[in-house]
Amino acid sequence: STTYPICWGKQLPQEVIFMAWSPKRDLIALANKVGEVLLHRLANFQRLWSLPPSESTGKEVTALAWRPDGKILAFALADTKQVILCDVEKPESLHSFSVDAPITYMHWMEVTEESSVLTSFYNAEDESNLLLPKLPALPKKLNALVLGGNSGFIEIYAYGMYKIATVTGVTGSCLTLCLSSDLKSLSVITKVEVSPESEPEITYFQLDTSLLSTYLPEVTRMARKFTHISTLLQYIKLSLTCMCEAWEEILMQMDSRLTKFVQEKNTTTSVQDEFMQLLLWGKASLELQALLMNQLTVKGLKKLGQSMESSYSSIQKLVISHLQSGSEALLYHLSELKGMALWKQKYESLGLDATGIEEAITAVGSFILKANELLQVIDSSMKNFKAFFRWLYVGELKLMTQKDITFVADFLTEHFNEAPELYNRKGKYFNVERVGQYLKDEDDDLVSPPNTEGNQWFNFLQNSNHLKESPLLFPYYPQKSLHFVKRRMEGIIDQCLQKPAVSIRSEDPTSQLFKLPFLWNDKSSNLHYVLFTMLESSISKIYILRRHTDTSRSADNGLLAVDFGNFLNSSINENSGTSCYSCLDAHFYDDETITVILAENSEQEGKERILAQLPLSSVYTEENRGLEFSWNSSQRLDMQCEDIPTQSVTIEGQWRVLENMKAQYVAVNGIRKVSCVVSIPWTDFAFDPKKEKRQKKREEGRGRKKREEK
């Protein structure tokens, strides 16, 4: 299209600092200065959702990136040093992880190389779904999220969740980076503060990441396993949250009333004895009568019994259907991962460690034991509570079966004995309800731990030094809550997930760039492109550096300069004389076209801003195919700019004036054929070349109608 008609313009309440088009849908993500992340629709700039800043996640957004399939948006927060993965459908965090340094740039790409080995692996993964709970579907192709930050911080995460590589030896903070789709190389641009008095140096370098490409099937297997494990941990965490919600505070009423009764009663008889006398002889002290008639009441006991049964049943179902199945799936994937780690020829160079995985398997086993213990506590509590409540509000033994009476006696014996060690911790405190203590997120020991006296297997293990430390047996923590064991399991698995990561060493960069830098990976030609501008002497030029993704190969026309000069003046401003245009921002629209924002280099007010499309075919012509820049790596690039081959270009009609806009930045999406321009003050506009023909037809139709009327 020759011109860009404005599709819509929108003034925003806060300054936009980052924006990114969705690669698959008509959506644009924005981040503003107050830390809010917003998602807007292209057609009318309708806001679909916003994710406000919070104390827990963070308030300082520093980067945005879309997963290649457009289903997940990632953003980085500097104040909390976190990366959040958010669902495109709703503003909810699907996954988050912490990083060592604030992130300054993010790039998310899809690996294009296919392998028959990977295909068989995907099929085997589908078979595992017959035995395990169904997990969220991962994209068939591996994708990698690359993070760059201050102090030379660069890491690569498969599927945005599992760290597969770290880059060491980088100086300065990362401005932009781009991983090639064949995983062979990583292009990086950094800013190095030489001294407080001088301008920072902008450096470009290309890293050899061919180890990831060589071991692509192994990296993919590890990444998918680790991503499944992370998803299962989230699944268990949500299940435990649902269990906590199912447990009702009303179940604490019995404990609080009995605690008050213990603290205020004057008799020396224990609570257990008083209830036993009521059960056996039908006689109760005046204080117990007052408790039953005035505090608990028949109506209150009925309500308490119903709440208890409903709450315990819900928790029991969640443990069986979610917690146990999720834990067993964790064991399955961790065991497969351990088998992979033992294949040292394939996985040792990738850093997979069998010892750490073994510790993770043991931690999951301990969690399963604790979940089974909770099931037993729920089962016994339900039976005994039912019989106890029925006895209290029925009141007559002849209406109860002998089994019910036995249950009541067992319940009183087990739950109503006064514990001096509990009094030492909490004063005179009574604890009958045993389930809630397992769901409390605290490090304290259980108020009423399970009674292990007389348990032959437990005593046998305690007395056997060999079995006590055996790696074949999962450790058991009878004094701890389910939350405590879960947190311990998460910590060990998290360490296990962070451990295997390839270390990529960076060489000292020698070439200097200046301003703008933007990176692009041409997947079809396996080329890295860098767009940048340099010093004041060449402000009308934009430089294009290209490198082959395979670092052992070279690319033709490795570095060219494009001179815009004053080629637009005759069309835009005939009175402007010899003025020329400099490039403010540039992005690859697609593999063949670059979108640029140009500013008029004049001292007058109201400088023109131009949005233009630069075809690469006008830059890389047959005439300049043989022109090669002789790069002196011992000198800074800005000192050699006069020797860089320069191509003067003419863009015929593929530009438009951005009227009344102080355009500064642009985000483009060649798939949707749209660009979004941010101007000062804080206003953004989107352009849709598809609408030009429709607009012209409307205008021609109106003109025809007027002529016919005349």
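The following conversation discusses selected sheets, a helix and salt bridges of one structure.

Colleague: Before we begin, what kind of model is this?

Modeller: It is a predicted model.

Colleague: Let us take the sheet that contains strands 2, 3, 4 and 5. In what order do the strands lie?

Modeller: The order is 2-3-4-5 in an open sheet, and the pairing is antiparallel. Strand 2 (16-21) and strand 5 (47-51) are the edge strands, and each of them pairs on one side only. Neighbouring strands of this sheet are turned against each other by 20 degrees on average, direction ignored.

Colleague: How many bridges hold strand 2 and strand 3 together?

Modeller: Five bridges pair strand 2 with strand 3 (residues 27-32), in the antiparallel sense. Within this part of the sheet, Met-19 stands opposite Leu-30 in strand 3.

Colleague: And how are strands 6, 7, 8 and 9 arranged?

Modeller: These four strands form an open sheet with the order 6-7-8-9 and antiparallel pairing. Strand 6 (61-66) and strand 9 (93-98) each have a single partner strand, so one side of each is left without a neighbour in the sheet. Here the average turn between neighbouring strands is 20 degrees, direction ignored.

Colleague: Which residue stands opposite Leu-77?

Modeller: Leu-77 faces Gln-82 in strand 8. Strand 7 (residues 72-77) and strand 8 (residues 82-87) run antiparallel and are joined by six bridges.

Colleague: Turning to helices, what span should helix 14 have?

Modeller: Helix 14 (residues 482-498) has 17 residues, so at 1.5 Å a residue it should span 24 Å. The C-alpha atoms at its ends are 24 Å apart, which agrees with that expectation.

Colleague: Which of its residues are buried?

Modeller: The buried residues of helix 14 include Val-485, Met-489, Ile-492, Ile-493 and Cys-496. As a general point, an α-helix has 3.6 residues a turn, so residues three or four places apart point the same way.

Colleague: Next, the salt bridges. How many are there in the whole structure?

Modeller: A search of the whole structure finds 14 salt bridges. One of them joins the side chains of Glu-201 and Arg-636, with an N to O distance of 3.1 Å. This pair links distant parts of the chain, 435 residues apart: Glu-201 is in strand 16 (residues 201-208), and Arg-636 is in the loop between strand 24 (609-615) and strand 25. Glu-201, Arg-636 and Asp-638 are linked in a network of salt bridges.

Colleague: What about Lys-225: is it buried or exposed?

Modeller: Lys-225 has 2% relative accessibility, so it counts as buried. Its side chain meets that of Glu-336 in a salt bridge of 2.5 Å, N to O. Lys-225 lies in helix 3 (residues 216-246) and Glu-336 in helix 7 (residues 298-342), 111 residues apart. Glu-336 is partly exposed, with a relative accessible area of 33%.

Colleague: Which residue does Lys-338 meet in a salt bridge?

Modeller: Lys-338 meets Glu-358, at 2.4 Å from N to O. Lys-338 lies in helix 7 and Glu-358 in helix 9 (residues 354-394), so the pair ties together parts that are 20 residues apart in sequence.

Colleague: One last residue, Gln-647. Why does it count as buried?

Modeller: The cut-off for buried is under 20% relative accessible area. Gln-647 counts as buried because its relative accessibility is 18%. Gln-647 is in strand 25 (residues 646-648), and a polar atom of its side chain lies 3.3 Å from the backbone oxygen of Ser-618. Among the residues that Gln-647 touches are Ala-561, Asp-563, Val-619 and Asn-624.

Notes: Residues numbered from 1 in each chain as written. Predicted model: local features only at pLDDT ≥ 70, side-chain atom pairs only at ≥ 80, totals over all residues. Heavy atoms only, no water. Pairing = 2+ DSSP bridges. Helix = DSSP H or I, 4+ residues; strand = E, 2+ residues; numbered from the N terminus. Axes fitted to C-alpha atoms, helices over the stretch in contact; angles between N-to-C directions. Expected span 1.5 Å × (residues − 1). Buried < 20%, exposed > 50% of the residue type's maximum accessible area, 1.4 Å probe, protein only. Polar contact = N/O pair within 3.5 Å; in protein donor to acceptor, adjacent residues only side chain to side chain. Contact = heavy atoms within 4.5 Å. Salt bridge = Lys/Arg side-chain N within 4 Å of Asp/Glu carboxyl O.
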